[in-house]
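Colleague: I have a new model open and I'm not sure how to read it. Could you walk me through a few features?

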Amino acid sequence: MFNMFKSQTSLDLTPRTCLAVSLIYCMGADGEIDPEEIGHLMSVLGRNATRQSLDSAVRYVRATQPAQFLTDAAPRLRPDQRLCIILNMIDSAMADGEAEPGEQQLIMQFAQAFGLSENDLTPYFKALVAKNDRAVLDR
């Protein structure tokens with residue numbers, strides 16, 4: 001019973017699990033987890049996500065530094081999976097209106113580990129900014 005309080009240092013790092021872990025790191029990077037970020041996480045993980053898989057990912061994040069996760073995960077992911085994860089991290093960071101400095105630094109750390117430059121991400125970033133700028137609907 002007390003095992004549920006222990007940190008988890010091993011997790012099957014499938015691409016979908018890597019997405020969940022990356023988003024949890026991103027959500028916590030600014031020191032607070034906003035309701036919008038939780039909503040984004042749940043929508044991205046989809047209806048097949050279980051509370052148990054989410055709890056396992058949270059325990060893993062608590063026990064593992066992002067740098068170690070990146071060392072373990074990056075070689076397992078294809079370039080398209082890496083891009084998908086980064087774009088979802090950016091979208092999550094912007095879910096509460098703007099990406100905080102801690103979130104920005106974490107995303108760039110992940111991008112570098114995934115072999116993506118700021119120039120590679122710029123067109124995607126512009127598209128996500130346009131997607132999230134719902135104020136245009138009121139003008």
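Modeller: Gladly! Let's begin with one residue: Cys 18 counts as buried because its relative accessibility is 0%, where buried means under 20%. Please keep in mind that this is a predicted model.

Colleague: Is Cys 84 buried or exposed, or something in between?

Modeller: Cys 84 has 39% relative accessibility, so it counts as partly exposed.

Colleague: How many disulfides are there?

Modeller: To decide, look at the distance between cysteine sulfur atoms: a disulfide needs them within 2.5 Å. Searching the whole structure gives zero disulfides. For Cys 18, the nearest cysteine sulfur is that of Cys 84, 11 Å away.

Colleague: Which helices and strands should I look for?

Modeller: You will find seven helices and zero strands in the chain.

Colleague: And why is the chain called as compact as a globular protein of its length?

Modeller: Its radius of gyration is 15 Å, close to the 14 Å that the globule rule gives for 139 residues, so the chain is as compact as a globular protein of that length.

Colleague: What should I look for in the core?

Modeller: In soluble globular proteins, nonpolar side chains tend to be buried together. Here the largest nonpolar core has 39 residues, and those with the most contacts inside it include Tyr 25, Met 89 and Phe 110. Among the elements giving two or more residues to this core are α1 (15-28) and α5 (79-93). The most comes from α1, with nine residues.

Colleague: What does Met 89 touch?

Modeller: Leaving aside residues up to four places away in sequence, Met 89 touches Ser 22, Leu 23, Cys 26, Leu 106, Ile 107 and Phe 110.

Methods
Residues numbered from 1 in each chain as written. Predicted model: local features only at pLDDT ≥ 70, side-chain atom pairs only at ≥ 80, totals over all residues. Heavy atoms only, no water. Core = buried A, V, L, I, M, F, W, Y, C linked by side-chain atoms within 4.5 Å. Buried < 20%, exposed > 50% of the residue type's maximum accessible area, 1.4 Å probe, protein only. Helix = DSSP H or I, 4+ residues; strand = E, 2+ residues; numbered from the N terminus. Contact = heavy atoms within 4.5 Å. Rg over C-alpha atoms; globule rule 2.2 N^0.38 Å.
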